[in-house]
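The questions below ask on what grounds certain terms are applied to a structure. Each answer sets a value against its definition.

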Amino acid sequence: MEKNGCPMGEEIIAKCISRKKRAWICLRLTLVGLVLLAVGIYLLLRPGGDTRALVVSVAVIVLGALFCVVSLVALAKIYPFPPVIAVREGDTLVFLGERIPLCDIVEATFDLPKTLFRQPTHGLLRIRLKNGRILKNGCVDDVAQACFRVNECMRRYAAEQEQ
């Protein structure tokens, strides 16, 4: 019998945002960079420009190129994540392939990206371990629910151990 798409005894805790959404985030950064490049080139090639206009146009071109490079690095960094980030298997949590006993987890926290128009559901999930390490991933879909599930599994495991 399967539950949440996993065999019994396993529970999907955190999923990665879809590949389409990851690609869309990088595409928006690239588009901003290309617009800045176009504006900078226009300012550079415009007749009658003075020294101040030249400095501004070069600065805008550099900023546009920086946006394009950042978007390519972001695409290379976040695109290859697997669809499932964290799975509970009995008394262990598998986070991006690393097995962590639930007794080693201190807490899970999350951060949402800052936006102007709507509240995003994806964000950064941090899992702090007793040895001081912090495991994190910034592509977690429904990050608040994932954080709640990690903390709940940790509390439930601690309660079972006390009995």
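The exchange that follows concerns the sheet, the helix across it, a pocket and several individual residues.

This is a predicted model, in which local features need pLDDT of at least 70 and side-chain atom pairs count only at pLDDT 80 or more, while totals for chains, interfaces and linings use all residues. Residues are numbered from 1 along each chain as its sequence is written, and side-chain values use heavy atoms, with hydrogens and water left out.

Q: What makes β3 and β4 a pair of strands?
A: Strands are DSSP runs of E with at least two residues, and helices are runs of H or I with at least four, numbered from the N terminus. Two strands pair if DSSP finds at least two bridges between them. β3 (residues 10-16) and β4 (residues 84-89) have five bridges in the antiparallel sense, and therefore meet the criterion. Within this pairing, E11 has R88 of β4 as its bridge partner.

Q: How do you know that β3 and β9 pair, and in which sense?
A: Two antiparallel bridges link β3 and β9, so the requirement of at least two is met. K15 stands opposite D141 in β9.

Q: What is the order of the strands in the open sheet?
A: Seven strands follow the order β6-β5-β4-β3-β9-β8-β7, with antiparallel pairing. β6 (98-101) and β7 (105-111) are at the edges because each has a single partner strand, which leaves one side of each without a neighbour in the sheet. On average, neighbouring strands of this sheet are turned by 30° against each other, direction ignored.

Q: What connects β8 and β9?
A: The two strands form a hairpin with four residues between them, and G132 in the turn has a positive phi of about 100°. β8 and β9 pair in the antiparallel sense over five bridges; among the partners are G123 and, in β9, V140.

Q: Which strands does helix α3 lie across, and how does the helix run relative to β7?
A: Helix α3 (residues 143-162) lies across β3, β4, β5 (92-95), β7, β8 (123-129) and β9 (134-141), at about 170° to β7. Axes are lines fitted to C-alpha atoms, for helices over the stretch in contact (heavy atoms within 4.5 Å), and angles run from 0 to 180 degrees between N-to-C directions.

Q: Why is N151 called buried?
A: Buried means under 20% relative accessible area, exposed over 50%, and partly exposed in between (1.4 Å probe, protein chains only). N151 has 11% relative accessibility and therefore counts as buried. This residue of helix α3 touches E107 and A108, not counting residues up to four places away in sequence.

Q: Why is L96 called partly exposed?
A: The relative accessible area of L96 is 35%, so L96 is partly exposed. L96 is in the loop between β5 and β6.

Q: Why does D142 count as partly exposed?
A: D142 has 42% relative accessibility and therefore counts as partly exposed. Its place is in the loop between β9 and α3.

Q: What makes the phi values of L96 and D142 noteworthy?
A: Most residues other than glycine have a negative phi. L96 is not a glycine, yet has a positive phi of about 50°. D142, also a residue other than glycine, has a positive phi near 50°.
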